[in-house]
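Trainee: Please take one part of this model and go through it slowly with me, starting from a single residue and working outwards to whatever lies around it. I would like to follow each step of the reasoning.

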Amino acid sequence: QQMRCRSAAPGVDGGTVFAGGDIAHVEGHPRPKAGVFAVMGGMVLWINMRAALLGEPLLTYWPQSSFLGLLGLGDGNCIASRGALAAEGQWLWGLKDWIDRRWMWNCAGGLPEMPTATSPAGATSRAVAATAGESALGLLQ
């Protein structure tokens, strides 16, 4: 299911329902389902939700027309696509990692601390996995 949205109003009925990401279909701007559209539309969504609460005018959202798709394969390789072009390789994984880390630094001020097996959070993860059985616990090794 998708929610039809307009570029300048929250929903097709002009109500106060907002949508973003894969559920949103912006009328007149058909796009494939890709995270880049949710990421790029997120700031306008935030601004418009705030504006609606404050009784201020909403911004018009114009989704970008093209994008670079980068899909990590889990083995150090990556597939890239843009329009009709596609490529695959380890160097593309490096590009994806750089783009993702740069985005995290710009938007969140850095990367979150990841728990280790010996940290309290890591110990909790091990305890939860242990309740699911040896196979789940083995995945954390």
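Mentor: Leucine 59 sits in the loop that links α1 to β3, and, since this is a predicted model, everything I say about that loop and its surroundings describes a prediction. Leucine 59 counts as partly exposed, because its relative accessible area is 38%, a value that falls between the 20% limit for buried residues and the 50% limit for exposed ones. Although leucine 59 and valine 44 are 15 residues apart in sequence, their C-alpha atoms are 7.0 Å apart in space.

Valine 44 leads us into the helix before the loop, for it is one of the buried residues of α1, together with Phe37, Gly41, Asn48 and Ala51. Helix α1 covers residues 35-54, and at 1.5 Å a residue its 20 residues should span 28 Å, which agrees with the 29 Å between its end C-alpha atoms. The helix does have a bend, of about 40°, and this is found at glycine 42. Just after α1 comes another glycine, glycine 55, with a positive phi near 75°.

On the other side of the loop we reach β3, which covers residues 69-72 and runs antiparallel to β4, residues 78-82, with four bridges joining the two strands. In general, the strands of a sheet pair through backbone hydrogen bonds, and the pairing may be parallel or antiparallel. Here you can follow the pairing residue by residue: leucine 70 has alanine 80 of β4 as its bridge partner, while leucine 71 stands opposite isoleucine 79, also in β4. Together β3 and β4 make a hairpin with five residues between them, and in that turn glycine 74 has a positive phi of about 85°.

The hairpin belongs to an open sheet of three strands, ordered β3-β4-β5 and paired antiparallel. Its edge strands are β3 and β5 (85-89), each of which pairs on one side only. If direction is ignored, neighbouring strands of this sheet are turned by 15° against each other on average.

Across β3, β4 and β5 lies helix α2, which runs at about 100° to β5. Its 19 residues should span 27 Å at 1.5 Å a residue, and since the end C-alpha atoms are 27 Å apart, the two values agree. As with the other helix, a glycine comes next: glycine 109 follows α2 and has a positive phi near 75°.

Finally, look at the charged side chains of α2. Side chains of opposite charge can pair when their charged atoms come close. Aspartate 100 forms a salt bridge with lysine 96, with 3.0 Å between the closest N and O atoms, and the two residues are separated by about one helical turn because they are four residues apart in α2. In this pair, lysine 96 counts as buried because its relative accessible area is 17%, which is under the limit of 20%, whereas aspartate 100, at 35%, is partly exposed. A salt bridge also joins the side chains of arginine 101 and aspartate 97, again with 3.0 Å from N to O, and these residues too lie four apart in α2, about one turn of the helix. Here both partners are partly exposed, arginine 101 with a relative accessible area of 40% and aspartate 97 with 27%. With these pairs the count of salt bridges comes to two.

Technical notes
Residues are numbered from 1 along each chain as its sequence is written. This is a predicted model: local features need pLDDT of at least 70, side-chain atom pairs count only at pLDDT 80 or more; totals for chains, interfaces and linings use all residues. Side-chain values use heavy atoms; hydrogens and water are left out. Two strands pair if DSSP finds at least two bridges between them. A salt bridge is a side-chain nitrogen of Lys or Arg within 4 Å of a carboxyl oxygen of Asp or Glu. Buried means under 20% relative accessible area, exposed over 50%, partly exposed in between (1.4 Å probe, protein chains only). The expected span of a helix is 1.5 Å times one less than its number of residues. The bend at a residue is the angle between axes fitted to the seven residues ending there and the seven starting there. Axes are lines fitted to C-alpha atoms, for helices over the stretch in contact, and angles run from 0 to 180 degrees between N-to-C directions. Contact means heavy atoms within 4.5 Å.
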